[in-house]
Amino acid sequence: MPPLEYYRPKTLAEALTLLQRGVPLAGGTALAPNRRTLQAVVDLQDLGLDSLDISETGFRFGATIPLQALVAAAERLPRSLVRACRLEAGWNIRNQATLGGTLISSDGRSPLLTTLMAMGAELEWAQRDSRMPLAELFSLRASRTSVGLITAIHIRRPDQLAYEQVGRSPADLPQVCAAAASFGAAEQFRVAIGGYGRHPLLVQDSGDASPEAIERGARSAEEAYSTAGDAWASADFRAAVAGTLVRRVVREVLPS
C-alpha cells in the first residue's frame with residue numbers, strides 16, 4: 001500500500017490549494033473503506049467549518065459539523081430533522097460523520113438527505129459566490145464532476161416538517177421514505193422520497209394544496225418508483241408505499 005500524504009491546512013485559501021493534490025478529510029467514515037485508493041488527504045478540522053447557527057428564520061450548518069451535534073441541538077431544531085439524523089446512522093458513526101461528508105457520500109436510502117431535499121437545502125461553496133440547490137449537487141455527483149469544497153448548508157425554517165419511513169426494522173435504512181415541508185402558511189410545500197437509487201427525488205414543489213394536487217404528488221411518487229426494485233424491496237412494493245407515505249407526510253404539514 002503506498003504511503004498516504006497528509007495535509008492539515010490552517011486557512012481556507014491553503015486548503016483550496018492543497019485540494020488540487022488530495023481529497024477532503026472530515027469525519028473519514030466514507031474515506032476509510034477506500035484507503036488503498038487514496039494518495040493524499042486534506043484534513044479540514046482546523047478551518048472552523050463546524051458552526052451551528054440557528055435563528056427564527058432558518059439554519060446555517062457548517063459542513064464539518066458532526067451529525068450528532070444536530071441531534072444534541074434537538075430542542076432548537078425541527079423534530080423530524082433530528083429524527084432523520086438519528087436514523088441516518090448509529091451513535092458512534094454520528095459522532096464521526098459530518099454533514100458535508102454525508103451530502104457527498106450518501107445515496108437514495110439516506111433519511112437525512114431526503115429530509116434536507118424536502119426542506120430546500122442550499123449549499124455554500126468556497127469556490128462560488130452563489131448557493132447551489134441540493135438537487136444540483138446530485139447531478140454533479142452523477143456526472144463525476146469535481147464538486148469543490150462545501151463550507152456550509154443553508155436551510156429556511158419550515159412552518160411544518162414531517163418524515164416517515166418503512167424499513168425491515170425500525171433502525172434499518174428505509175426501503176421507502178418520504179419527507180414534506182411547508183412554508184409561508186402552506187403557500188408552498190415540498191415533498192421528497194427516498195429509499196432507492198443514487199439520491200432522493202423531489203416529487204412535489206407546489207403552492208397548490210388542493211386534494212387534486214396532493215394526489216398528483218402521490219401519483220408522481222408511485223410512478224418514480226414503479227421500476228425501483230432491488231434486493232431490499234420489489235418495485236410494486238416501493239411504488240405503493242411511496243404513494244402512501246407521500247399522502248401521509250403531506251397531511252401532516254398542511255393545515256386541515
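# A walk through the model

Start by selecting Ala-240, which has its place in helix H9, residues 235–253. Is this residue buried or exposed, or something in between? Ala-240 is partly exposed, with a relative accessible area of 45%. Now add Arg-219 to the selection and draw a line between the two C-alpha atoms: they lie 9.4 Å apart in space, with their positions 21 residues apart in sequence.

**Zoom out**

Before going further, keep in mind that you're looking at a predicted model. Colour the protein chain by pLDDT: the average is 91, and 96% of the residues score at least 70. Among the elements, which has the lowest mean pLDDT, and which the highest? Strand S2 (residues 23–25) is at the bottom with 83, while helix H6 (residues 111–118) is at the top with 98. Where pLDDT is low, the coordinates shouldn't be read in detail.

Switch to a cartoon view and you can look for 9 helices and 12 strands in the protein chain. Its radius of gyration is 19 Å, close to the 18 Å that the globule rule gives for 256 residues, so the chain is as compact as a globular protein of that length. Turn the C-alpha trace around and you'll see it span about 55 × 45 × 30 Å along its principal axes.

Try a surface view next. The protein chain exposes about 12,500 Å², and carbon and sulfur atoms supply 49% of that area. As for the inside, 48% of the 256 residues are buried. Contacts reach along the chain too: of those between residues at least 6 apart in sequence, 59% join residues at least 24 apart.

**Into helix H6**

Select Thr-114, which sits in helix H6. Thr-114 counts as buried, because its relative accessible area is 0%. What does Thr-114 touch, once neighbours within four places in sequence are left aside? Its contacts are Gly-108, Cys-177, Ala-178, Ala-179, Ala-192, Ile-193, Gly-194 and Pro-200. Show those side by side with Thr-114, then pick Val-191 as well: the C-alpha atoms of Thr-114 and Val-191 are 8.9 Å apart, although 77 residues separate them in sequence.

**The cysteines**

One of those contacts of Thr-114 is Cys-177, so that's a handy next stop. Cys-177 is buried, with a relative accessible area of 0%. Which cysteine sulfur is closest to that of Cys-177? The answer is the one in Cys-85, but at 13 Å the gap is too far for a bond. Select Cys-85 and you'll find another buried residue, with 0% relative accessibility. A search of the whole structure turns up 0 disulfides, and Cys-85 is accordingly in none.

**Along a sheet**

For the last stop, hide the helices and select strands S4, S5, S8, S6 and S7. In that order, these 5 strands make an open sheet with antiparallel pairing. Which strands stand at the edges? They are S4 (52–54) and S7 (132–133); each has a single partner strand, so one side of each is left without a neighbour in the sheet.

Zoom in on the S7 end. Strand S6 (residues 122–125) runs antiparallel to S7 and is joined to it by 2 bridges. To see a bridge pair, select Leu-123 and Met-132: Met-132 in S7 is the bridge partner of Leu-123. In general, strands of a sheet pair through backbone hydrogen bonds, either parallel or antiparallel.

Technical notes:
Residues numbered from 1 in each chain as written. Predicted model: local features only at pLDDT ≥ 70, side-chain atom pairs only at ≥ 80, totals over all residues. Heavy atoms only, no water. pLDDT = per-residue confidence, 0-100. Helix = DSSP H or I, 4+ residues; strand = E, 2+ residues; numbered from the N terminus. Disulfide = S-S within 2.5 Å. Buried < 20%, exposed > 50% of the residue type's maximum accessible area, 1.4 Å probe, protein only. Rg over C-alpha atoms; globule rule 2.2 N^0.38 Å. Contact = heavy atoms within 4.5 Å. Areas by Shrake-Rupley, 256 points an atom, 1.4 Å probe, with all protein chains shown as cover. Pairing = 2+ DSSP bridges.
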